[in-house]
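Reader: I have a chain open on my screen and I'd like to learn how to read its strands. Can you walk me through it?

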Amino acid sequence: MFKPKPQEPAKVESDSGPRPAARPAGVAAKPAATAHTAEQFDTTTPKQRAEAVAEASDSGARKLGTTIASLGNPAEAGFWIKTPLVSKAGKGRLEYPATGKSVAVDLIPIDGPKTAGSRVSLAALRLLGAPLTGLPELIVFTE
């Protein structure tokens, strides 16, 4: 079976020699190649999760519609939705009516009719309390 070679972090030269480049703030780390559970794949930090929930409570968002969602690639870290409800990338939020929870996400466009389903990150589904193996109906908002 083909296993991709892990990428090494970029090196930054300093007085003490090369060191790994810092990851931008707010960016979740890639899951380890040995990840097998939802907890291992969800590399978001408690601080990032708290910020995603806090940002989702901001008002002023415009409702785009509802979508049936499935779990996206769990190796793609962060809070995002790939959906045909948007035509360009942007910021937004998801709401799961079954739990009443919301989460701030990156909106990523995909081809398809507006009625087609969407794919959502593992981290976002976990914060929403949505089933990872189900097809929850989510409400999508844009900022």
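Author: Sure, let's start with one pair of residues: serine 70 stands opposite arginine 119 in E7. Before going on, note that this is a predicted model, where local features need pLDDT of at least 70, side-chain atom pairs count only at pLDDT 80 or more, and totals for chains, interfaces and linings use all residues. Residues are numbered from 1 along each chain as its sequence is written, and side-chain values use heavy atoms, with hydrogens and water left out.

Reader: What does the E in such a label stand for, and how many helices and strands does the chain have?

Author: Helices (H or I, at least four residues) and strands (E, at least two) are DSSP runs, numbered from the N terminus. Here you get 3 helices and 8 strands, in the order β-β-α-α-β-β-β-β-β-α-β from the N terminus on.

Reader: And in which sense do E3 and E7 pair?

Author: Two strands pair if DSSP finds at least two bridges between them. Strand E3 (residues 62-71) and strand E7 (residues 118-120) do so in the parallel sense, over 3 bridges. With E8, E3 pairs in the antiparallel sense over 6 bridges; there, isoleucine 68 stands opposite glutamate 137.

Reader: Which strand does E8 (residues 137-142) join through 4 bridges?

Author: That's strand E5 (residues 90-96), running antiparallel to E8. Glycine 92 has threonine 142 in E8 as its bridge partner. Put the pairings together and you have a closed barrel of 6 strands, E3-E7-E4-E6-E5-E8, with mixed pairing. On average, neighbouring strands of this sheet are turned by 45° against each other, direction ignored; axes are lines fitted to C-alpha atoms, for helices over the stretch in contact, and angles run from 0 to 180 degrees between N-to-C directions.

Reader: Which strands does helix H2 touch?

Author: Contact means heavy atoms within 4.5 Å. Helix H2 (residues 46-56) packs on the sheet, touching E5 and strand E6 (101-109), and its direction makes about 90° with that of E6.

Reader: What about glutamate 143: buried or exposed?

Author: Buried means under 20% relative accessible area, exposed over 50%, partly exposed in between (1.4 Å probe, protein chains only). Glutamate 143 lies in the segment after E8 and counts as exposed because its relative accessible area is 65%. Not counting residues up to four places away in sequence, glutamate 143 touches Lys91 and Gly92. Over the chain, buried residues make up 34% of the 143 residues.
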